[in-house]
Amino acid sequence: MSIDEKTVRKVAKLARLALPEERVAPMAAELNGIMAWIEQLNEVDVEGVEPMTSAVEGLALPMRDDVVTDGGDSQRVLANAPKAEDGFFVVPKVVE
Amino acid sequence: MTDLTTLTLAQALDGMEKKQFSSAEITNAFLGAIEKANPHLNAYVVVTAEKARAQAAQSDKRRAAGQAGPLEGAPLGIKDLFCTEGVRTTACSNILGEFKPTYESTVSANLFRDGAVMLGKLNMDEFAMGSSNETSAFGNVVNPWRRGNEDTKLTPGGSSGGSAASVAADLCLGATATDTGGSIRQPAAFTGTVGIKPTYGRCSRWGIVAFASSLDQAGPIAKTVEDSAMLLQSMAGHDPRDSTSLPNALPDFRAACQRSIKGMTIGVPEEYRVDGMPQEIEDLWRQGIAWAKDAGATIKPISLKHTKYALPAYYIVAPAEASSNLARYDGMRYGARVTGKDLVGSYEQTRAKGFGAEVQRRILIGTYVLSAGYYDAYYLRAQKVRQRIAQDFRDAFAEVDAILTPATPSSAFGLGEKSGDPVAMYLNDIFTVTANLAGLPALALPAATDSQGLPLGLQVIGKALDEESVFAVSAALEKAAGFKAKAAKWWV
């Protein structure tokens, strides 16, 4: 499966990465180089193999009581905001 | 007085306990050494001299009051992937701008709880994505080691290149690091230091900037196996704030270093003999096997037959998880924002400007393999291959107590030598990445120098939760190897 320029543009859009037009062809070539190497996974017989979804066997996801454990931290939450006002994040206009 | 910076962690703690010197004195010695070396090595991206002196003073008071912790007064470096309260943390990426966390990562908090002093934040590949430290937004780290008398600049490896270089150059007693595909062990091998990635879940990931959550694991880089055991003891432990943190009690890692390996069975996997591997690494491996035998272990050939598929599987799983983890960097809540023509434009410009080339490449691969129509062909298949790799290890560990391999397929290479070819760079992690996929503990230790005078490392892989065997075998090999070489301090 080779990645064409149209796919690169589509994936960049999905990933919210502005890709200058002159970078599209080189990026396609780079990704194809990597994906071609990855294709060797097709040699592996994975018939009937359960996908591994956790690095630790047998550990059930722990549950905690559904109670509030923190809060009232708006100053700390906003401490690194590029723009903040009156206890809120200031972001570009979302709805026209 | 001896140069305090050349002490091991165990020696330094002993010296402070015996009142030969204070934490303030050794901390100042390190700050002085950093000032001289850092313009040449670029190991630290932030030096927290004031904080270090304040922590050292506090530490000396605690020791005087008889309240010394296990790492009391020990000056350490912290990889820039760990959030440190009030100290700039950027994962060496421009996208985090001047981000100053308002909280402390569990691992660094554990170290401070035990008395450690922080000297500063250590350079690394951007978001831990790289094997040479060349993707850092703050420029590459230079390996203190050189080829003979040449002045060619070599990579310290990556992604924990700053951690490894600072330990090798005596710019801290030990350092925190993280390992997603080999980022502790490969730099340790390239710099003649010891690095261990524990079992997945031993160290809390809370407050560590996420790269690939099912693979990321913190661990120390240190001067000796024993030092690494002492650091891991403090760093590890259950943390309810990380749902993958293991609830298991921690064994005494330092005691395990004293354990005899007599009667242990050590596996040697045929598949780790790769094309183009230098004869010197093959010889070192054979030497390691002989040392283990001399110490009373039985050697058993084993087969880990899916080894060659580990890296390609990793380059599906890790970018997929990274693309998802890095979706949070949108320039709205923290980090550097670039304003575009509309909201989506702002996201796109912020991310294009903030992420470096390798990070962008991995985000695109991850997004691609997770996108509609490709999920089964790539991500699901990679997870099945991952299961095959883990099964190989389970089968092997039914017969052996630990596995011995080379740590890397080469010694440190020159900066720029591999940066043009992503796949060539990825192959650096060929021996280390399997332990990440299977979630196993693995340690790299220096065992010899090659004909150019550069360190070469061996790797010991253990069963899940059996760091003790890893430490026992590693300590036995360290003793047999008697590796004493140090990088010449050409920057002084």
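In which sense, left-handed or right-handed, does α10(B) pass α13(B)? The tour reaches this point after a note on conventions.

This is a predicted model, in which local features need pLDDT (the predictor's confidence in each residue, from 0 to 100) of at least 70 and side-chain atom pairs count only at pLDDT 80 or more, while totals for chains, interfaces and linings use all residues. Residues are numbered from 1 along each chain as its sequence is written, chains are lettered from A and ligands numbered from 1 in the order in which they are written, and side-chain values use heavy atoms, without hydrogens and water.

Select helix α10 (residues 310-325) and helix α13 (residues 376-397) of chain B; helices are DSSP runs of H or I, at least four residues, numbered from the N terminus. Their axes, lines fitted to C-alpha atoms over the stretch in contact, come within 9 Å and cross at roughly 130°. That makes α10(B) oblique to α13(B), a class for angles outside under 35 degrees, over 145 and 65 to 115. The crossing is left-handed: the near helix is turned anticlockwise from the far one by less than a right angle.

Next, display the contact (heavy atoms within 4.5 Å): residues including B:Ala313 and B:Val317 in α10(B) meet residues including B:Ala382 and B:Arg386 in α13(B). The contact residues divide into ten nonpolar, no polar and two charged.

Move to helix α1 (residues 9-17) of chain B, where the buried residues (under 20% relative accessible area, 1.4 Å probe, protein chains only) include B:Leu9, B:Leu13 and B:Met16. Their cover includes α2 (23-41) and α3 (49-64) of chain B. Finally, select B:Lys19, which follows α1(B) and has a positive phi, near 60°.

Key
Axes are lines fitted to C-alpha atoms, for helices over the stretch in contact, and angles run from 0 to 180 degrees between N-to-C directions. Helices (H or I, at least four residues) and strands (E, at least two) are DSSP runs, numbered from the N terminus. Ala, Val, Leu, Ile, Met, Phe, Trp, Tyr, Cys and Pro count as nonpolar, Asp, Glu, Lys and Arg as charged, and the others, Gly among them, as polar. Buried means under 20% relative accessible area, exposed over 50%, partly exposed in between (1.4 Å probe, protein chains only).
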